[in-house]
Amino acid sequence: MYSELPPTEAPDDGGVTFTVLGPLEVLRAGVDYAPTTPKVLQLLAVLVMRPGKMVHIDTLIRELWSDNPPRTVRTTLHTYVYHLRRCIDQNRLAADGEKMLSTRQSGYTFAIDPSQVDTYRFVRLQQRGHELQDAGDHAAAADAYRAALDLWSGPPLANVHCGPVLSAYRTELLEQRRSVLHLRIEAEITSGKHRELIGELRSLATGSPLDEALHGQLMRVLGRSGRRSDAMAVYRRLRSRLAGELGVEPCDDLQVLLRELISEGDHR
């Protein structure tokens, strides 16, 4: 199993944590204190995205109103900030709402530690997986990647209306999740798991019919499980779909993998 993060990495936050890998939640003792007003929740999401760092007022305006801000935009934003501070104070999420959400000359700073946000642990576990994989401990690396993926409870910021800033952030998080999933499967393949992955990879490939990396992994586990014809059938279906929808051939890596499968059959 992967090693637990050292105690110094644990949040020192009075018990308040924030989740974005799923619905945006503000948790203390298992109770969610996130504001329910959509715009205030959206404001909180942008601030949590940059814990402890100043968020420029122009960034907040662009997120909350895109290209169509009201004439009283700054007054309205100040009202949302007031309601968020009130939520902090009423639920005792900090000793002082104004200190937790402080006004700066050109924006606002949400004074929380990055370790209070679930993305921090996600990144740390991802890094741990890289270290273990580089050290050749592929089974432990897969465990670390799996623990990172287990932090997800659904699409990121699932309960937040996302404007341009949060939409870009959500896309980035989804790409990171896809990368970790690919790395976890790769680590398991390297550690000798083949048949165990076939069902999962078939499901993933069905859900992402143009994802060449997933199809390549599926071809490999099928080939290593003695199902060479099934692996080649996966290639043919993907090639047909890519040609029909995008007008392209499978990538070079998949073409090399196909030739290896054919060559393996020729040498039997």
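Here are a few notes on a small sheet, the helices packed on it, and the largest pocket.

1. Before you start, keep in mind that this is a predicted model.

2. Let's begin with the sheet. Three strands make it up, in the order S4-S6-S5, and the sheet is open with antiparallel pairing. In general, strands of a sheet are held together by backbone hydrogen bonds, in either a parallel or an antiparallel way. At the edges you'll find S4 (54–56) and S5 (101–103), each of which pairs on one side only. Ignoring direction, neighbouring strands here are turned by 30° against each other on average.

3. Now zoom in on one pair. S5 and S6 (residues 107–110) run antiparallel and are linked by three bridges. One bridge to look for joins Leu101 to Phe110 in S6.

4. Next, the helices on the sheet. H1 packs there and touches S4, S5 and S6, with its direction at about 70° to that of S6. H2 (residues 57–65) also packs on the sheet, touching S4 and S6, and its direction makes about 60° with that of S4.

5. Finally, the largest pocket, which has a volume of about 270 Å³. Its lining has 14 residues, and the closest to the centre are Met49, Thr119, Tyr120, Val123 and Tyr169. Which elements give two or more residues to this lining? They are H1 (38–49), H5 (118–134) and H7 (164–190). H7 provides the largest share, six residues. Sorted by class, the lining comes out as 11 nonpolar, two polar and one charged. Notice that H1 turns up twice in these notes: it packs on the sheet, and it also helps line the largest pocket.

Terms used. Residues are numbered from 1 along each chain as its sequence is written. This is a predicted model: local features need pLDDT of at least 70, side-chain atom pairs count only at pLDDT 80 or more; totals for chains, interfaces and linings use all residues. Side-chain values use heavy atoms; hydrogens and water are left out. On a 1 Å grid over the protein atoms alone, a cavity is a set of points where a 1.4 Å probe fits but cannot get out, and a pocket is an open set with protein on both sides within 12 Å along at least five of seven lines; lining residues have an atom within 4 Å of a point. Grid points are joined across faces, edges and corners, and a volume is the space filled by probe spheres set on the points. Helices (H or I, at least four residues) and strands (E, at least two) are DSSP runs, numbered from the N terminus. Ala, Val, Leu, Ile, Met, Phe, Trp, Tyr, Cys and Pro count as nonpolar, Asp, Glu, Lys and Arg as charged, and the others, Gly among them, as polar. Two strands pair if DSSP finds at least two bridges between them. Axes are lines fitted to C-alpha atoms, for helices over the stretch in contact, and angles run from 0 to 180 degrees between N-to-C directions. Contact means heavy atoms within 4.5 Å.
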